[in-house]
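Reader: I'd like a close look at one part of this model: any enclosed space inside it, and whatever sits around that space. Take it slowly, and tell me how that part ties in with the rest.

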Amino acid sequence: MPAVFVLLWSSAFIAGAIGVDAAPPLLLIFARFAAAGILLTGYAIAVRAPWPRGRALAHLAVSGLLIQAVQFGALYSAMAMGLPAGVVALVQGLNPVVIALLAARVLGERVTGRQWAGFGLGAAGVVLAVADRVAFSPLGVVLCLVGLLGLSLGTLYQKRHVTDMDVRTGTAVQFLVAAPPLGALSLLTETPAVAHWGAFGASLAWMVAVNSIGVFLLLNTMLRRSPASTVAALFFLTPSVTAVLAWATLGQALDPLAVAGLVLGGAGVLLAGRR
């Protein structure tokens with residue numbers, strides 16, 4: 001499950017880079033979450049999955065706004081400004097460090113010395129993975145940091161307040177809550193028009209079926225079964241895996257630093273997963 005999660009999560013950067021060239025970023029993310037929410041809702045109704053109510057519903061709404069709307073709205077806007085997907089993945093790859101710093105205080109999770117060593121190796125692997133392709137846009141970097149905080153805080157909030165949700169209906173709620181504010185922001189700040197329907201359709205289809213429904217069912221399942229810091233350590237691998245996918249699908253060069261980053265990131269995940 002973790003290996004599949006890393007591969008599919010990393011593929012979102014490839015699909016996103018294609019998508020933001022075809023349409024404004026907030027329009028793309030709104031369409032992604034609206035379509036994924038509707039499809040997953042239909043499936044949950046068909047199989048009669050239990051729906052959250054009361055406080056559980058409210059907590060899911062908060063985590064959905066943070067993990068979905070804040071994270072992806074900010075990250076894809078940064079890519080639309082020209083920030084390379086690898087740099088966006090680099091910032092997001094620091095999520096385990098943020099989680100580890102907050103998990104002990106918020107969740108009462110104990111982080112061992114071995115895990116801190118794993119976080120150090122993982123962070124080094126993240127930096128190596130994109131060391132030769134960093135191009136900075138100040139506003140883009142700020143947006144990446146906002147997206148990182150959305151992911152980290154949303155993960156911790158969900159782990160603390162939503163421990164027994166049904167992953168099908170819970171994930172559907174998160175998508176349906178995230179879509180309206182993104183749609184409103186798109187109308188207010190963008191010209192919601194699609195420039196290239198073929199690329200937009202292909203990118204959207206992949207992000208809905210794979211990066212939304214498939215990936216977040218996996219993420220929510222892992223958060224139910226494992227400590228937040230252990231799950232978060234998987235994000236150390238995303239910059240390097242993104243580089244490999246870009247080489248395989250877009251023809252971008254795969255340099256030795258990216259390979260070294262993948263090795264270090266993998267070692268970091270192994271150490272961080274042990275207690």
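Author: Helices here are DSSP runs of H or I with at least four residues, strands are E runs of at least two, and both are numbered from the N terminus. By that reckoning, Leu121 belongs to helix 6, residues 113-129. This is a predicted model, so local features need pLDDT of at least 70 and side-chain atom pairs pLDDT 80 or more, while totals for chains, interfaces and linings use all residues. Residues are numbered from 1 along each chain as its sequence is written, and side-chain values use heavy atoms, leaving out hydrogens and water.

Let's set the scene first. The protein chain has twelve helices and zero strands, so read along the sequence you just get α-α-α-α-α-α-α-α-α-α-α-α. Of its 275 residues, 53% count as buried (under 20% relative accessible area; exposed is over 50%, partly exposed in between, with a 1.4 Å probe and protein chains only). Take the contacts (heavy atoms within 4.5 Å) between residues at least 6 apart in sequence: 91% of them join residues at least 24 apart.

Now for your enclosed space. There is one cavity of 30 Å³ or more, a cavity being a set of points on a 1 Å grid over the protein atoms alone where a 1.4 Å probe fits but cannot get out. The largest cavity comes to about 50 Å³, where volume is the space filled by probe spheres set on the points, joined across faces, edges and corners. Who lines it (that is, has an atom within 4 Å of a point)? The lining is made up of Leu8, Trp9, Ala12, Phe13, Arg32, Phe72, Tyr76, Gln92, Asn211, Val215 and Phe216. By class, that's eight nonpolar residues, two polar and one charged (Ala, Val, Leu, Ile, Met, Phe, Trp, Tyr, Cys and Pro are nonpolar, Asp, Glu, Lys and Arg charged, the others, Gly among them, polar).

Three helices each put at least two residues into that lining: helix 1 (2-22), helix 3 (54-80) and helix 9 (197-225). Helix 1 is the top contributor, with four residues.

The rings deserve a look next. Across the whole structure there are nine aromatic pairs (Phe, Tyr or Trp rings, the six-membered one for Trp, with centres within 6.5 Å). Take Phe33 and Phe72: they meet edge-to-face (planes over 60 degrees apart; under 30 is stacked, the rest tilted), with 6.0 Å between centres and 75 degrees between the planes. That pair bridges distant parts of the chain, with Phe33 in helix 2 (residues 25-46) and Phe72 in helix 3, 39 residues apart. Both Phe33 and Phe72 are buried. Zoom out a bit and ring pairs link Phe5, Trp9, Phe33, Phe72, Tyr76, Phe175 and Phe216 into a cluster. Phe72 has a charged partner as well: the charged end of Arg32 sits over its ring, 4.5 Å from the centre (the rule is NZ of Lys or CZ of Arg within 6 Å of the centre and within 35 degrees of the ring normal).

Stay on helix 3 for a moment, since Gln68 lies there too. Gln68 counts as buried because its relative accessible area is 0%. Leaving out residues up to four places away in sequence, Gln68 touches Phe33, Ser63, Gly73, Gln174, Phe175, Ala178 and Phe216.

Over on helix 9 you'll find Thr221, which is buried because its relative accessible area is 16%. With the same four-place neighbours set aside, Thr221 touches Met1 and Val167. On helix 1 there's Val4, which counts as partly exposed because its relative accessible area is 43%. The C-alpha atoms of Val4 and Gly214 are 9.8 Å apart, though 210 residues separate them along the chain.

A few spots elsewhere round out the picture. Leu121 is partly exposed because its relative accessible area is 30%, and its C-alpha is 5.8 Å from that of Leu264, 143 residues away in sequence. Ala233, in the loop between helix 10 (228-232) and helix 11 (238-250), counts as buried because its relative accessibility is 0%. Ala233 and Pro96 are 137 residues apart in sequence, with 4.9 Å from C-alpha to C-alpha. Then there's Arg48, in the loop between helix 2 and helix 3. Arg48 is exposed because its relative accessible area is 77%, and it has a positive phi of about 60 degrees although it is not a glycine.

Key:
On a 1 Å grid over the protein atoms alone, a cavity is a set of points where a 1.4 Å probe fits but cannot get out, and a pocket is an open set with protein on both sides within 12 Å along at least five of seven lines; lining residues have an atom within 4 Å of a point.
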